[in-house]
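Student: Could you go through this model with me before class? I'd like to learn how to read it piece by piece.

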Amino acid sequence: RLDPAWWQFPIEAEQVPARYRRHRGLAATYVNGVFTVEHEPYERRLLKALIKSRSLLADWHFRRGGTEVAVKLYESILALDPESHRNERMVHSLGLGYLALGKDEKAEIALRTSAEIAQNPWTKASSLLGLGDVARRRGDRAKARAYAEDASRIPGLTPEQRREIDRRLAE
């Protein structure tokens, strides 16, 4: 059980960027065999930790049916951290949250982005199935089926995931 007392912070993430001071720390990243090092304020490290904790809290709410709270938390993370727009898990969860709340236009944008950036086969397939759900709500069964067929062509899915896609194709 989640105890809200453990999720009270002495500073909110939105307050941290205004307190950035000089760039005296180093941030090293390793992408595609290339190390990149850039200077950063130490306060940015605090912001990253606060964003990560907010992301974990959003995931917790999402898994337990607190979709509206989770969506607000995901939106706040996207507003704070431009890099999070490329985080397939977060964008996918946000799209599914919008879908569950009936915000089809926002769901379509987030799920389309998730399908484009996803490296995980199920994330990509689930995003396509979500786009199919949006199309079905709009009365376009042909487009919904096309999305399910696209999802069925993704390699690397488990048998259980394939059964879900087959179930959608049978609808």
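Tutor: We will talk through salt bridges, the nonpolar core and one threonine, keeping in mind that this is a predicted model.

Student: OK, salt bridges then. How many are there in the whole structure?

Tutor: A search of the whole structure turns up 18 salt bridges.

Student: Which residues are linked in a network of salt bridges?

Tutor: Glu38, Glu40, Arg44, Arg45, Lys48 and Glu83 are joined in such a network. Within it, glutamate 40 pairs with arginine 44, where the closest N and O atoms lie 3.6 Å apart, and glutamate 40 also forms a salt bridge with lysine 48, with the closest N and O atoms 3.4 Å apart.

Student: Is glutamate 40 buried or exposed?

Tutor: Glutamate 40 counts as buried, because its relative accessibility is 2% and the cut-off for buried is under 20%. Its partner lysine 48 has a relative accessible area of 40%, so lysine 48 is partly exposed.

Student: And what does aspartate 150 meet in a salt bridge?

Tutor: The side chain of aspartate 150 meets that of arginine 153, at 2.4 Å from N to O. Aspartate 150 is partly exposed at 32% relative accessibility, whereas arginine 153 is exposed, with a relative accessible area of 57%.

Student: Switching topic: which residues touch the most other members of the largest nonpolar core?

Tutor: Those are Leu128 and Ile165, in a core that has 37 residues. The helices α1 (42-63), α2 (67-80), α3 (88-101), α4 (104-117), α5, α6 (141-152) and α7 (159-170) each supply at least two residues of this core, and α2 gives the most, with seven residues.

Student: Why would nonpolar side chains be found together like that?

Tutor: As a general tendency, nonpolar side chains in soluble globular proteins tend to be buried together.

Student: What is leucine 128 in contact with, leaving aside its neighbours within four places in sequence?

Tutor: With those neighbours left aside, leucine 128 is in contact with Ala115, Tyr147, Asp150, Ala151 and Ile154. You have met one of these already, since Asp150 is the residue that forms a salt bridge with arginine 153.

Student: Last one, where is threonine 123?

Tutor: Threonine 123 is found in helix α5, which covers residues 121-137. Its relative accessible area is 12%, so threonine 123 is buried. Setting aside its neighbours within four places in sequence, threonine 123 is in contact with Glu88, His92, Ser114 and Ala118.

Note on methods:
Residues numbered from 1 in each chain as written. Predicted model: local features only at pLDDT ≥ 70, side-chain atom pairs only at ≥ 80, totals over all residues. Heavy atoms only, no water. Helix = DSSP H or I, 4+ residues; strand = E, 2+ residues; numbered from the N terminus. Buried < 20%, exposed > 50% of the residue type's maximum accessible area, 1.4 Å probe, protein only. Contact = heavy atoms within 4.5 Å. Salt bridge = Lys/Arg side-chain N within 4 Å of Asp/Glu carboxyl O. Core = buried A, V, L, I, M, F, W, Y, C linked by side-chain atoms within 4.5 Å.
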